[in-house]
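Please open the structure in a viewer and keep the selection panel at hand. The tour proceeds by selections, each followed by an account of what is found there.

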Amino acid sequence: MGRDRDPFDRAIAFMRERVATLAPLQGAVVSINGLANHLQISQTPVREALATLAGEGLIVRTAAGYAGATHDPTSLAQLYTLAELLALHAVSALGETRVALGAAQTATRAIDLVVDAGDGVALRQAYRRVAAQLTPFEAAAGLALSDDASGLERLVGAFDGTDMRARLQAVRAPLARRRRASTRILAIALGLQKPR
């Protein structure tokens, strides 16, 4: 068996995966003691990991400790707006550089690849932070909006070519649709509404 990873790395990797794969935490208390016991590490690296994730907006620090970030339709729409602005800036910075998107399985992943193709480190980091905050809503967005296949097709086609207008529209469309559907996406993510 290999060397045990650093306790901080284990704690932060575990929490990132939980935030990404579970339904939105919506204010649920994050137990430092429970995480430390589950991961069989001390509370210090758990606290450090949670402080890092709070700095990234994935969870929040409260008077009682840490809790899941709480979203409403407006805050979710604002996250989609920010993701859209950052992605559009990345497209503009790319110019006519072609980006191979054939391996992307979803429009969201294709947009991630477009942003990653640029050379702006700060832009990539800002986009990744927003994308991480949106990850718990991605499955619900897929259920709420049935256009991901056509959106992916448009993205692949736009980035095989060099038409800047087509590229901007291909990136803007899926994020704008998610922004407009934020109320429905949130309701599906929280189990308050069934997808059509």
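The stops below cover helix pairs, nonpolar cores and individual residues in a predicted model.

**Stop 1: helices α1 and α2**

Begin by selecting residues 7-21, which form helix α1, together with residues 32-39, which form helix α2. The two axes come within 11 Å and cross at roughly 110°. Angles of 65 to 115 degrees count as roughly perpendicular, and α1 and α2 are therefore roughly perpendicular to each other. The crossing in which α1 passes α2 is right-handed.

Now display the side chains at the contact. On α1, select Arg 10, Ala 11, Phe 14 and Met 15; these meet Leu 35, His 38 and Leu 39 on α2. By class, the residues of this contact comprise five nonpolar, one polar and one charged.

**Stop 2: the nonpolar cores**

Which residues have the most contacts inside the largest nonpolar core? Select Tyr 80, Leu 155, Phe 159, Val 171 and Ile 185, which hold that position in a core of 39 residues. Two or more residues of this core come from each of α4 (73-94), α5 (107-117), α6 (121-134), α7 (138-144), α8, α9 and α10 (182-189). The most is given by α4, with 10 residues.

Next, centre the view on Leu 155. Leaving out residues up to four places away in sequence, Leu 155 touches Leu 101, Ala 107, Ala 110, Ile 111, Ala 170 and Val 171. A second core, separate from the one just visited, has 18 residues, among them Ile 12, Phe 14, Leu 53 and Tyr 66. Phe 14 was also selected at the first stop, as one of the α1 residues that meet α2.

**Stop 3: helix α5 and its surroundings**

Select α5, residues 107-117. Within α5, the buried residues are Ala 107, Ala 110, Ile 111, Asp 112, Val 114 and Val 115. What covers these buried residues? The covering elements include α4, α6, α8 and α9. Two of these neighbours, α6 and α9, are examined in turn below.

*α5 with α6.* Add α6 to the selection. The axes of α5 and α6 lie 9 Å apart, and the packing angle is about 160°. That angle makes α5 roughly antiparallel to α6, while the crossing in which α5 passes α6 is left-handed. On the α5 side the contact is made by Thr 108, Ile 111, Asp 112, Val 115 and Asp 116; on the α6 side it is made by Arg 124, Tyr 127, Arg 128 and Ala 131. Colouring by class shows four nonpolar, one polar and four charged residues in the contact of α5 with α6.

*α5 with α9.* Replace α6 with α9, residues 164-180. Here the axes of α5 and α9 are 10 Å apart and the helices pack at an angle of about 130°. α5 is thus oblique to α9, and α5 passes α9 in a left-handed crossing. Ala 107, Thr 108 and Ile 111 of α5 meet Val 171, Pro 174, Leu 175 and Arg 178 of α9. The classes in the contact of α5 with α9 are five nonpolar, one polar and one charged.

**Stop 4: Arg 178**

Remain on α9 and select Arg 178, which is found in that helix. Is Arg 178 buried or exposed? Its relative accessible area is 3%, and the cut-off for buried is under 20%, so Arg 178 is buried. Setting aside neighbours within four places in sequence, the residues in contact with Arg 178 are Tyr 80, Thr 108, Glu 138, Ala 141, Leu 145, Asp 148 and Ile 185. Tyr 80 and Ile 185 appeared earlier among the residues with the most contacts inside the largest nonpolar core.

**Stop 5: Thr 162 and Gly 157**

Where is Thr 162 placed? Select the loop between α8 (148-160) and α9 (164-180), which holds this residue. With 33% relative accessibility, Thr 162 counts as partly exposed. Apart from neighbours within four places in sequence, Thr 162 is in contact with Glu 96, Arg 98 and Arg 167. A distance label between the C-alpha atoms of Thr 162 and Val 99 gives 9.8 Å, for two residues 63 apart along the chain.

Finally, select Gly 157 in helix α8. Gly 157 also counts as partly exposed, at 44% relative accessibility. Draw a C-alpha to C-alpha line from Gly 157 to Val 46: these residues are 44 Å apart in space and 111 residues apart in sequence.

Conventions:
Residues are numbered from 1 along each chain as its sequence is written. This is a predicted model: local features need pLDDT of at least 70, side-chain atom pairs count only at pLDDT 80 or more; totals for chains, interfaces and linings use all residues. Side-chain values use heavy atoms; hydrogens and water are left out. Axes are lines fitted to C-alpha atoms, for helices over the stretch in contact, and angles run from 0 to 180 degrees between N-to-C directions. Helices (H or I, at least four residues) and strands (E, at least two) are DSSP runs, numbered from the N terminus. Angles under 35 degrees count as roughly parallel, over 145 as roughly antiparallel, 65 to 115 as roughly perpendicular and the rest as oblique. A crossing is left-handed if the near helix is turned anticlockwise from the far one by less than a right angle, and right-handed if clockwise. Contact means heavy atoms within 4.5 Å. Ala, Val, Leu, Ile, Met, Phe, Trp, Tyr, Cys and Pro count as nonpolar, Asp, Glu, Lys and Arg as charged, and the others, Gly among them, as polar. Buried means under 20% relative accessible area, exposed over 50%, partly exposed in between (1.4 Å probe, protein chains only). A nonpolar core is a set of buried Ala, Val, Leu, Ile, Met, Phe, Trp, Tyr and Cys residues joined through side-chain atoms within 4.5 Å.
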